[in-house]
Amino acid sequence: MLMDNKNEELELLRDKVRDVTTQIMCNVQQRIDLAKKIGEIKSRLGIDIRDEKVEHEVRMNVMLLAEEIGMSGEFALQLLNILLAESENVQVEKHPQKTVQKQTHLSIFAKAKQLEASGKKIIHMEVGEPDYSPPAIVGSTLAESFRLQQYHYTDTHGISELRNAIARKEGGGLSEHQVMVTPGGRFAVFSAITSLLRAGQELIVIEPAWPAYKECADFVGARTRVIGTTLQNKWLPDTKQLEEMINRSTKMIVLNYPNNPTGKVLDSKTMERIVLIAKDHALYLLSDEVYGDYAFNGFNSIRKYGYEKSVLVGSFSKRYAMTGFRVGYSIANKEIISKMAKVQSAAVTSVAEPIQHAALAALGVNPSENVKLMERRLEFVCSKLKEMSLQFVEPDGAMYVYPELPWSEDIPIIEKLLEQGVAIAPGSGFGDSYKRFVRISACQPENVLGKGLDIMASVIKEYA
Ligand code: PMP
């Protein structure tokens, strides 16, 4: 008898849950329909899809409501972010400019390759791929690995010898358990973002920025919030604005210094402030340091701050010109590394064993010649850009210069340059607000860079 009553009660509750679910679904659809209408108006008026001020007001209302009805504020904001993302998706469909495929350094690279295949000569100043060779020992070690039959699955985290060598390189009492060898720095970024963030949570990116951070966040439905920096302010992020952007669904700040595309390195005061903000709000701090070797006057690695929720991303790609070897690493505490290792294990098992031995051998080589060469080339690019009277901040590091052009759009001039046999990267690939900029990569010998920049100067003259 008691059993029957219980079952009845259970069925009643389930009916109610079905009703509430139906109501929620209908309300969500109503919201999407409204967003579509708003999208049409925005498209007609040429207004941006995302409006931070409006979002802020909605967020505040939701927080108040959550408190009133006894819902967790964090969960409420996560739900809101899922709704906001869907509104944005339906509005993109209505927005003609946004449906056009965005041009990035990679899409320009693909176009340049196509032109080359049809017989045209192209000067490549669009991709960040050093033209020099990896250390010779890398080749001999690969051959040796084959002879020694070192070509098996390894521990997902990587072979111990390499993890220990990376730990020694990064210094300060690291253990191998805080290191994971990854297929390139890119996969370290991917596994960090996808394992540490969930749908509806937020991460903050400082723009202009390498586009992969947002792409990785999109994979898990996390929302990317953006702090813009400006040439006038020497690409320095406003830490007050950063702190104001944080809410209960914010989980991560992404840093990338030396920066791609600006070459900026943050001063120690700003770094300290950002670490403190991350600490105060218990945020993960993802520090992409793949250009760490190319810092001409030193830089402040996240390792200096001993912050337990930091994730450092490193790579062999730029340091040793080993882009095609696909080997990088991440450094974090054991708990974070074990979360990231789950993604890596599911996706790729481990980095190829011979490549790990080659990377270990490379670590014995000092990359200072590569660094000096890059610094000289960047100085050369800067001197040519000055002759063209373009505005830019001289890079503190990395492999790029990011000048402003005297026009409102980067794409027409980039296409014109491609016709003339020069490939450079559109500034807008690093953030929607940077259409006036282009990124010039110094990964070619000086005489080649010189030729490319001379063509650029003549096209600019013709265009002006
Ligand atoms: N981070 C940044 C900022 C980059 O520019 C790149 C490569 N362009 C990477 C990470 C990834 O490099 P890789 O995967 O070759 O190590």
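A charge sits over a ring if NZ of Lys or CZ of Arg is within 6 Å of the ring centre and within 35 degrees of the ring normal. Keep that in mind for the first exercise, and remember that this is a predicted model.

**Exercise 1: charges over rings**

Work out which ring the charged end of Arg 439 sits over, then look at Lys 309 in the same way.

*Solution.* Start at Arg 439 and look for a ring by its charged end. You'll land on Tyr 400, whose ring centre is 4.0 Å away. The cut-off for the distance is 6 Å, and the charged end of Arg 439 does sit over the Tyr 400 ring. Now go to Lys 309: it lies over the face of Tyr 284, with 4.3 Å to the ring centre.

**Exercise 2: rings with rings**

Find the aromatic cluster that includes Trp 235, and say how many aromatic pairs the structure holds.

*Solution.* A pair of aromatic rings is described by two things, the distance of the centres and the angle of the planes. Here the distance does the counting: centres have to lie within 6.5 Å. That gives 14 aromatic pairs in the structure. Next, follow the ring pairs that involve Trp 235. They tie it into a cluster with Tyr 402, Phe 430, Tyr 434 and Phe 437.

**Exercise 3: the sheet by Arg 439**

Put the strands of the open sheet in order, pick out the edges, and find the bridge partner of Ala 425.

*Solution.* Strands of a sheet pair through backbone hydrogen bonds, either parallel or antiparallel. This open sheet has four strands, in the order 1-10-11-9, and its pairing is mixed. Strand 1 (123-125) and strand 9 (400-401) each have a single partner strand, so they stand at the edges, and one side of each has no neighbour in the sheet. Now zoom in on strand 10 (residues 422-426) and strand 11 (residues 438-441): they pair in the antiparallel sense, over two bridges. For the last step, take Ala 425 and look across to strand 11, where its bridge partner is Arg 439. That's the residue from the first exercise, with its charged end over Tyr 400.

**Exercise 4: around the ligand**

Describe the shell of the ligand, then list polar contacts to it from Asp 288, Tyr 291 and Ser 317.

*Solution.* First, the shell: 14 residues surround the ligand, and the closest are Gly 185, Asp 288, Tyr 291, Ser 315 and Ser 317. By type, the shell splits into four nonpolar, six polar and four charged residues. Helix 8 (residues 184-196) gives the largest share, three residues.

Then the contacts:

- Asp 288 has a polar side-chain atom 2.5 Å from a nitrogen atom of the ligand.
- Tyr 291 puts a polar side-chain atom 2.7 Å from a ligand oxygen atom.
- Ser 317 has a side-chain N or O atom 2.6 Å from an oxygen atom of the ligand.

Finally, the cover: on its own the ligand has 400 Å² of accessible area, and the protein covers 92% of it.

**Exercise 5: backbone oddities**

Locate the cis peptide bonds at Pro 208 and Pro 261, and then check phi at Gln 149.

*Solution.* Glu 207 and Pro 208 are joined by a cis peptide bond, with omega about 5°. Pro 208 is in the loop between strand 3 (202-207) and helix 9 (212-220). The bond from Asn 260 to Pro 261 is cis too, with omega near 20°, and Pro 261 is in the loop between strand 5 (250-255) and helix 11 (268-280). Last, Gln 149 isn't a glycine, yet its phi is positive, near 55°.

Methods. Residues numbered from 1 in each chain as written. Predicted model: local features only at pLDDT ≥ 70, side-chain atom pairs only at ≥ 80, totals over all residues. Heavy atoms only, no water. Phe/Tyr/Trp six-rings, centres within 6.5 Å; stacked < 30°, edge-to-face > 60°. Near = heavy atom within 4 Å. Polar contact = N/O pair within 3.5 Å; in protein donor to acceptor, adjacent residues only side chain to side chain. Areas by Shrake-Rupley, 256 points an atom, 1.4 Å probe, with all protein chains shown as cover. Nonpolar A, V, L, I, M, F, W, Y, C, P; charged D, E, K, R; others polar. Pairing = 2+ DSSP bridges.
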